[in-house]
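Colleague: Could we go through this structure together? I should like to begin with the overall picture and then turn to single residues.

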There are 2 protein chains.
Amino acid sequence: MDTKTSEIQYRIGDFAEVTGLSSPTLRYYEKEGLIKPHRTDNGLRYYTEQDANWIKFLLHLKSTGMTIEQLKQYVIWRAEGDSTIDKRIALLQDVRDNFEKEFAELQHSWTILNDKLDWYKGKVNGHIEDSEDFSKYLKRLNHHE
Amino acid sequence: MDTKTSEIQYRIGDFAEVTGLSSPTLRYYEKEGLIKPHRTDNGLRYYTEQDANWIKFLLHLKSTGMTIEQLKQYVIWRAEGDSTIDKRIALLQDVRDNFEKEFAELQHSWTILNDKLDWYKGKVNGHIEDSEDFSKYLKRLNHHE
DNA sequence: CTTCTAGTTAAAGTTAACTCTAATCCTAGC
DNA sequence: GCTAGGATTAGAGTTAACTTTAACTAGAAG
């Protein structure tokens, strides 16, 4: 084989370790068009550092709520070049705005969860009266719901 | 029927509106043992304000990453009374600790997503050189990955 | 040469959390 | 009394995102 050796090349197993995904998941992502690994002369996939950067970014997008479908669309636009930058910006902004709302809700849930733990602890060590149920307790803290 | 009318009673459709869930989802949650609505004399479900509080709390737990299975366990312990408070506290603390980590990762993803948007905008209006790709840009900002 | 490990494929299976269907029943308004 | 809307049930179907299976090949180690 005469592949260039200037960059690191990962076979699928190693790349799985690097990215934290499994080999089947990498093949699945490929089938969905999210990543296009190179091939050695005898047909084995290999991935480069650039592929690693892309997967890491993709996983960030995924964790902010983007679905595989949306990522697919993003990849298509990316492949179409600079003429689709506006579309990509719009998509990312949408994702960001949605995430912003969910994030705020998650913070609220975090508060409630901690309130519940405090309430349990107060109950156990007697700082909170038996008569005060959790929703009364929340009202006292001014934490609605 | 001779049900007490001292508290508000919701039929399943109204309760769905109150909680933001659908009627089928409420029946599903019931089948899973997450909620036990009362019944009118002729067999219709009805829900009270207490049930609403419980569902709201349950949804908070769910959004912090608790699965239906875990919620089921929580409900079982809750029904067993004060002797299981320690178990419930341990479960909630587990959930909280896990959520704390995920929350930190989400914040990081949020940062990267915003960096990407800034990078796109810098590219579009020429503030960022064509030669600087996104991973270089992240390094410059000292935002790893 | 055999065995082990890691790769290949297409396609079927899994899991969580709903969501829908079908057949039936109850209730309120005209 | 009739009809429309919403209730009941058991059980089948859906969706997203993997995950596993089966059947195979290629290369390295002993």
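Modeller: The discussion below goes from the fold of one chain to the pairing of the copies and then to single residues. Please keep in mind that this is a predicted model.

Colleague: How many helices and strands does chain A have?

Modeller: Chain A contains six helices and three strands. In sequence order, the elements of chain A run β-α-α-β-β-α-α-α-α.

Colleague: And what is the radius of gyration of chain A?

Modeller: The value is 24 Å, whereas the globule rule gives 15 Å for 145 residues; chain A is therefore more spread out than a compact globule. Along the principal axes, the C-alpha atoms of chain A fill a box of roughly 75 × 35 × 25 Å.

Colleague: What share of the residues of chain A counts as buried?

Modeller: Of its 145 residues, 40% count as buried. The area that chain A exposes is about 8,700 Å², and carbon and sulfur atoms supply 47% of that area.

Colleague: What part of the contacts in chain A comes from residues 24 or more positions apart?

Modeller: Such pairs account for 46%, taken over the contacts in chain A with a separation of 6 or more.

Colleague: Changing topic to charges: how many positive and negative ones are there in chain A, and how far apart are their mean positions?

Modeller: Chain A carries 21 positive and 25 negative charges, and their mean positions are 3 Å apart.

Colleague: Now the second copy. What turn and shift lay chain B on chain A?

Modeller: A turn of 180 degrees with a shift of 0.0 Å along the axis lays chain B on chain A, at an RMSD of 0.0 Å. The two copies are thus related as by a two-fold rotation axis.

Colleague: Which residue of chain B comes closest to that axis?

Modeller: That is Phe103(B), whose C-alpha is at 4.4 Å from the rotation axis. As for the contact residues of chain B, 100% of them recur in chain A, so the same surface serves both copies.

Colleague: Let us take single residues. Where does Ile8(A) lie?

Modeller: Ile8(A) belongs to the segment before β1 of chain A, with β1 covering 10-11. Its relative accessibility is 48%, so Ile8(A) counts as partly exposed.

Colleague: What is Ile8(A) in contact with, leaving aside its neighbours within four places in sequence?

Modeller: With those neighbours left aside, Ile8(A) is in contact with Tyr47(A), Thr48(A) and Glu49(A). As for Trp54(A), that residue is 46 residues from Ile8(A) in sequence and 15 Å away in space, C-alpha to C-alpha.

Colleague: And Gly13(B), which helix is that in?

Modeller: Gly13(B) lies in helix α1 of chain B, which covers residues 12-19. With a relative accessibility of 37%, Gly13(B) counts as partly exposed. Between the C-alpha atoms of Gly13(B) and Arg45(B) there are 9.9 Å, and the two are 32 residues apart along the chain.

Colleague: One last matter, the backbone. What is the phi of Asn142(B)?

Modeller: Phi of Asn142(B) is positive, at about 65 degrees, although the residue is not a glycine. Asn142(B) sits in the segment after α6 of chain B, a helix spanning 134-141.

Colleague: Is Asn142(B) buried or exposed?

Modeller: Asn142(B) counts as exposed, because its relative accessibility is 67% and the cut-off for exposed is over 50%.

Colleague: What about the phi of Glu145(B)?

Modeller: Glu145(B), also a residue other than glycine, has a positive phi near 75 degrees. Glu145(B) is likewise found in the segment after α6 of chain B.

Key. Residues numbered from 1 in each chain as written. Chains lettered and ligands numbered in written order. Predicted model: local features only at pLDDT ≥ 70, side-chain atom pairs only at ≥ 80, totals over all residues. Heavy atoms only, no water. Helix = DSSP H or I, 4+ residues; strand = E, 2+ residues; numbered from the N terminus. Rg over C-alpha atoms; globule rule 2.2 N^0.38 Å. Buried < 20%, exposed > 50% of the residue type's maximum accessible area, 1.4 Å probe, protein only. Contact = heavy atoms within 4.5 Å. Areas by Shrake-Rupley, 256 points an atom, 1.4 Å probe, with all protein chains shown as cover. Lys, Arg positive; Asp, Glu negative; His and termini not counted. Charge placed at Lys NZ, Arg CZ, Asp CG, Glu CD. Least-squares fit on C-alpha atoms with pLDDT ≥ 70 in both.
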